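Biologist: Please take a close look at the backbone geometry here. Carry on from there to the packing and the cysteines.

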Amino acid sequence: MQAWQVHENGEPSEVMRLAEVEPPTPGDGQVRLRVRAANINFPDALLCRGQYQVRPPLPFTPGVEICGETEDGRRVIANPALPYGGFAEYALADARALLPAPEALDDAEAAALHIGYQTGWFGLHRRAHLEAGETLLVHAAAGGVGSAAVQLGKAAGAKVIGVVGGADKAAVARELGCDVVVDRRSEDVITAVKEATGGRGADVIYDPVGGEAYAQSAKLVAFEGRIVVVGFASGTIPSPALNHALVKNYSILGLHWGLYNTKNPKLVQRCHEELTELAARGAIKPLVSERVPLGQAAVAVQKVADGRSTGRIAVVMEEAA
């Protein structure tokens with residue numbers, strides 16, 4: 001089979017190599033899946049660089065989110081078991097963690113429903129308890145993680161403010177349904193958000209960026225507001241001033257979605273059921289901006305790593321296409 005492999009850490013376009021290898025053999029509790037589509041996530045770039053919290057042995061195949069097919073023909077969503085990731089014709093996965101692919105979504109959309117939308121659901125509902133009528137601010141609103149949060153926020157009845165970088169991404173955020181869009185490259189984020197909220201700020205702030213975005217969040221969070229820390233795509237991990245959180249009376253909430261797979265897997269199943277229902281009635285639909293063949297996976301991962309993508313880029317197998 002064909003598979004992309006990383007033999008040394010570095011930039012994805014430099015270290016990912018397409019090779020002909022033997023299909024992986026399932027271990028105890030694992031199944032082998034034929035990959036129909038693999039969604040590209042920022043952690044794939046971090047894996048290539050050796051900067052992710054999980055460091056699989058070299059060589060490994062990146063690709064942490066797929067829509068695959070079981071031997072008996074079922075379409076499923078899975079997180080591949082590294083080192084046998086999704087940028088290959090076949091991948092391995094934990095048999096207990098397979099989720100049915102929603103019928104309302106095609107393979108690329110189904111692959112993109114998992115990590116970003118589960119993260120958004122847990123962040124907004126389980127951690128921040130977002131309520132209808134509240135104001136939600138989403139950083140990097142046109143990206144893969146941000147676009148999911150925007151759709152979930154709108155589905156929950158919130159007013160959504162999207163912060164993006166550039167006119168093209170601003171257009172995407174408007175199409176996603178943001179009530180207010182702030183282009184950080186041409187506008188002052190703090191001034192624009194305060195104007196949009198009458199000076200009150202946002203009840204919930206969803207931050208997958210860190211760095212300067214978090215500093216802005218601390219200035220924009222409302223009384224009894226909640227900042228959900230999802231990731232650090234900027235590359236800078238902020239150091240929150242806890243005295244500021246005390247004085248302004250807001251909460252800082254961490255979210256590591258992967259922990260739920262081991263700490264409370266029943267919640268992951270419940271979340272998927274709710275996401276499937278939302279997809280069936282058209283309330284959410286993953287934004288897949290590009291579909292590329294397997295041979296272009298390294299270029300596509302680099303594009304995500306460089307922050308040049310909107311929504312999700314999916315690697316789609318020719319057979320599935």
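Modeller: Helices and strands here are DSSP runs, numbered from the N terminus: H or I over at least four residues for a helix, E over at least two for a strand. The model is predicted, so local features need pLDDT of at least 70 and side-chain atom pairs count only at pLDDT 80 or more, while totals for chains, interfaces and linings use all residues. Residues are numbered from 1 along each chain as its sequence is written, and side-chain values use heavy atoms, with hydrogens and water left out.

Start with the peptide bonds. Most peptide bonds are trans, and most residues other than glycine have a negative phi. Two prolines come up here. The bond from L58 to P59 is cis, with omega near -10°. P59 sits in the loop between α2 (42-49) and β4 (66-69). L82 and P83 are also joined by a cis peptide bond, and omega there is about 15°. P83 belongs to the loop between β5 (75-78) and β6 (90-94).

Now phi. H129 is not a glycine, yet its phi is positive, near 50°. H129 lies in the loop that runs between α4 (115-127) and β8 (135-139). E224 also has a positive phi, near 60°, and is likewise a residue other than glycine. E224 is in strand β12, residues 221-229.

Next, a helix pair. The axes of α7 (residues 189-196) and α8 (residues 212-220) come within 10 Å and cross at roughly 35°. Those axes are lines fitted to C-alpha atoms over the stretch in contact, and angles run from 0 to 180 degrees between N-to-C directions. The α7 and α8 crossing is right-handed, meaning that the near helix is turned clockwise from the far one by less than a right angle. On the α7 side, V189, I190, V193 and K194 make the contact; on the α8 side, Q216, K219 and L220 do. Contact means heavy atoms within 4.5 Å. Four of the contact residues are nonpolar, one is polar and two are charged. In this scheme Ala, Val, Leu, Ile, Met, Phe, Trp, Tyr, Cys and Pro count as nonpolar, Asp, Glu, Lys and Arg as charged, and the others, Gly among them, as polar.

Last, the cysteines. The structure holds zero disulfides, a disulfide being a pair of cysteine sulfur atoms within 2.5 Å. C271 is in no disulfide, and its nearest cysteine sulfur, that of C67, is 17 Å away. C271 is buried, at 0% relative accessible area. C178 also counts as buried, at 9% relative accessibility. Buried means under 20% relative accessible area, exposed over 50%, and partly exposed in between (1.4 Å probe, protein chains only).
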